[in-house]
Each structure stands twice: as structure tokens, then as C-alpha cells.
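Got the viewer open? Here's a short tour, one selection at a time.

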Amino acid sequence: MTKTKIDVTLSATRKEKPKSDQLEFGRVFTDHMFVMDYSPAKGWHDPKIVPYEPITLSPASMVFHYGQTVFEGLKAYRTKEDKVLLFRPEKNMERLNLSNDRLCIPRIDGEFVIEALKQLVSIEKDWIPTAEGTSLYIRPFIIPTEYYLGVAPSKFYRFMIILSPVGSYYKEGIHPVKIYVENHYVRAVEGGTGKAKTGGNYASSLRAQEEAAQKGYSQVLWLDGVEKKYIEEVGSMNIFFKINGEVVTPEVNGSILEGVTRKSILELLKSWETPVSERKISMEEVYQAYKDGQLEEAFGTGTAAVISPIGEFLYDDNKIVINNGETGELSKKLYDTLTGIQKGTKQDPFNWVTEVK
Ligand SMILES: *Cc1c(COP(=O)(O)O)cnc(C)c1O
């Protein structure tokens with residue numbers, strides 16, 4: 001597979017690129033995309049880069065019915081020296097294959113897909129915005145394409161990568177968000193699909209998200225699906241707390257999504273010799289720490305916002321305001337360090353960054 005040649009068809013026209021101060025998240029797409037198909041006889045085959053365009057599928061295509069889909073999300077950055085950098089893409093490919101295993105989708109060759117991704121990003125280099133906080137969001141995904149209404153794994157699949165220039169997550173630098181602690185709906189349980197990046201997890205989160213938004217909260221904090229006691233994660237971010245000098249994040253337990261950002265933050269904190277633990281942590285413990293004056297910071301981590309400081313939780317009827325609703329010192333330092341490594345302005349002692357030539 002690794003030796004397979006990628007067929008390239010360039011678009012005859014080029015779209016107008018958005019101005020860097022008008023970028024939103026995931027609304028505009030570049031001129032080309034990567035496509036590769038799977039069949040039982042040929043395996044993954046026919047990898048190609050083609051003009052970005054709509055695709056045609058039968059209404060009976062399995063993608064429209066039972067949600068057997070997986071996706072990934074990562075970013076490319078353009079440095080001041082005009083280099084293009086990817087952040088730990090091999091971790092996204094490993095996770096894509098874990099999601100594939102869970103959803104009965106055939107594994108992809110991660111190394112080959114990274115080569116394809118680099119080729120695509122290199123063709124679309126001019127689409128990578130350079131302004132502070134902007135980047136090119138990369139969305140690899142797999143859909144089942146067999147025409148069949150029976151409930152079974154599809155025999156045929158399509159893998160695609162599309163690219164979208166995205167703006168700064170926070171218009172005026174990082175700023176804290178308000179989070180609603182969800183006490184009715186649940187996201188996932190152990191043995192379910194919570195640890196896979198699969199569409200159904202997001203479909204089932206929308207109701208809670210809508211209700212939290214109506215109450216003035218930007219995201220929900222999910223508790224465990226069995227006792228609604230232990231903290232899981234936030235929307236599409238993992239979560240960290242700083243309590244009395246120690247950083248705590250929920251352990252990987254089979255229902256949370258193991259973020260690449262989460263992993264990187266843990267490695268950074270360990271290298272700084274900051275006390276950090278991955279363990280079960282209950283919302284009651286966080287509330288108690290708050291009442292004792294020991295809850296110093298809380299933040300979410302994910303590719304989109306990198307670090308998202310949390311200024312307030314609504315927990316049942318209790319408002320928990322953290323650090324006066326302002327960004328904490330550790331959150332800021334982690335944000336500056338990680339975004340600096342990603343954009344090539346800070347040293348990369350862990351070799352996390354891969355250059356696209
Ligand atoms: C993608 C995602 C994350 C964050 O993962 P990163 O690899 O850090 O972007 C966390 N939780 C959920 C539910 C996600 O989908």
C-alpha cells in the first residue's frame with residue numbers, strides 16, 4: 001500500500017480565498033480533496049487527489065441510515081518562514097484505526113494516509129492562513145457506501161480528506177467559557193462508542209448542547225453514564241483541573257475520547273515536573289475543592305481551541321466561578337507553549353511537529 005501512487009487531477013478553476021479576519025470554523029473548503037475507496041476484493045484502492053466537489057450516492061447508501069462513520073480532526077500551520085507544519089498526525093491515524101476497529105470499518109495504512117495528506121496540504125499551501133490563531137483544519141473521514149438497508153457492516157467504504165481554513169477560535173485571544181454540568185443526558189458508557197470518533201456520539205449530544213445554550217452556557221460537561229457522578233469530558237474537549245497545586249484529568253476509562261491535545265498536555269506537564277494525575281474525579285470533589293478555596297483552574301483541551309479556560313460551571317443550582325472568571329496562569333502557559341510548538345515559534349523538544357515539504 002505504501003508504494004501506491006496517488007493520482008492527481010488539478011482543478012481547472014480556483015476559488016476565491018476568504019480574508020483572514022473573516023474566517024469561521026469549517027464553512028469554507030479548499031480546491032481539492034483526497035479520496036480512496038475500499039472493496040472486499042481490492043482492499044483500500046484508487047487513492048487520488050481530485051477537485052473538491054459534491055459526491056453522488058444512492059439514497060440506500062448505508063451512510064444515510066445507521067451511522068457507521070468515523071472521522072478525525074487535525075491542523076496544518078504556516079510558519080513565518082513559510083514552512084508548513086503538522087502536529088502529531090500519526091496520533092490521529094492511530095486513533096482513526098481504533099475508531100475503525102470499534103465501528104467494524106477496515107483499517108487504513110496510517111503512514112500512507114499521512115503521505116497523501118502531506119501531498120494534499122502541499123497542493124493547497126496557499127490556503128493556509130498565516131494570521132495569529134489561524135490554521136488549516138484537516139478533516140479525514142470514512143463513510144460506508146454499500147447500497148443496503150440491512151443492519152450489518154458495509155462491504156464498501158469511502159475515505160476522504162477535506163481541508164478548511166479556520167480562524168482564531170477566540171477573536172480577542174483566549175478567554176474563559178461557561179460550562180453547564182449535565183445532570184440528565186449522558187454521552188457514553190463503558191462498552192459503548194465513547195472512545196471512538198464516530199458521528200453518533202455527536203448526534204446524541206446535540207439535545208443537551210441546545211438546552212445548555214438556552215441557559216447561557218457554551219458547552220456541557222458530561223458525567224459518567226452510570227452514576228452521573230464522575231467527570232468525563234466537555235463537548236469535544238478533554239478536561240483538566242488544577243486543585244491545590246496538582247493538575248488532575250479523568251483517566252482514560254473506555255468512554256472518554258483520548259485527545260491528542262490531552263496526551264500532549266500531560267507530556268508537557270510531566271516535563272515541567274508539575275504534579276499531575278490521571279484518575280477518577282467526581283463533580284462533588286471539584287465542588288468541595290471550590291468551597292475550600294483550592295480549585296485554582298479548569299480548562300478544556302482539543303484541536304479546535306487547543307486550550308479553553310473555564311471561568312464558570314453551573315452544577316445543579318450552584319455557580320462555581322473559577323479564578324474570578326479569568327484565564328489562569330497555567331492555562332495561559334500551556335496555551336502559549338503548545339501553540340508556539342505548533343506554529344514553529346517555540347522549540348519542539350518532543351519532535352511533535354512534522355514538516356510538509
Ligand atoms: C476530538 C475530541 C476531543 C479532543 O481530541 P483532540 O485530539 O485533542 O482534538 C475530545 N473529546 C471529544 C469527544 C472529541 O471528539
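Start by selecting helix H5, residues 260–271, together with helix H7, residues 329–342. This is a predicted model, and in it the axes of H5 and H7 come within 11 Å and cross at roughly 105°. Angles of 65 to 115 degrees count as roughly perpendicular, so that is the label for H5 and H7.

Now show the side chains where these helices touch. On H5, pick Thr-261, Ser-264, Ile-265, Leu-268 and Leu-269; on H7, pick Leu-330, Leu-334, Thr-337 and Leu-338. Color them by class and you should get six nonpolar and three polar residues, with no charged ones in the contact of H5 with H7.

Keep Thr-261 selected and bring up the ligand. Thr-261 puts a polar side-chain atom 2.6 Å from an oxygen atom of the ligand. Which residues come nearest to the ligand? Out of the 15 around it, they are Lys-197, Tyr-202, Glu-233, Thr-261 and Thr-303. Click on Tyr-202 next: one of its polar side-chain atoms sits 2.2 Å from a ligand oxygen. Then try Arg-95, where a side-chain N or O atom is 2.8 Å from an oxygen atom of the ligand.

Arg-95 falls within the range of the next stop, helix H1, residues 89–102. Add helix H2, residues 110–123. The H1 and H2 axes come within 9 Å, crossing at roughly 130°, so these two helices are oblique to each other. Their crossing is right-handed.

To see what makes the contact, select Pro-89, Glu-90 and Met-93 on H1, then Gly-110, Val-113 and Ile-114 on H2. By class, the contact of H1 with H2 has four nonpolar residues, one polar and one charged.

Terms used
Residues are numbered from 1 along each chain as its sequence is written. This is a predicted model: local features need pLDDT of at least 70, side-chain atom pairs count only at pLDDT 80 or more; totals for chains, interfaces and linings use all residues. Side-chain values use heavy atoms; hydrogens and water are left out. Axes are lines fitted to C-alpha atoms, for helices over the stretch in contact, and angles run from 0 to 180 degrees between N-to-C directions. Helices (H or I, at least four residues) and strands (E, at least two) are DSSP runs, numbered from the N terminus. Angles under 35 degrees count as roughly parallel, over 145 as roughly antiparallel, 65 to 115 as roughly perpendicular and the rest as oblique. A crossing is left-handed if the near helix is turned anticlockwise from the far one by less than a right angle, and right-handed if clockwise. Contact means heavy atoms within 4.5 Å. Ala, Val, Leu, Ile, Met, Phe, Trp, Tyr, Cys and Pro count as nonpolar, Asp, Glu, Lys and Arg as charged, and the others, Gly among them, as polar. A residue is near a molecule or strand if one of its heavy atoms lies within 4 Å of it. A polar contact is a pair of N or O atoms within 3.5 Å; within protein, one must be able to donate a hydrogen and the other to accept it, and residues adjacent in sequence count only if both atoms are side-chain atoms.
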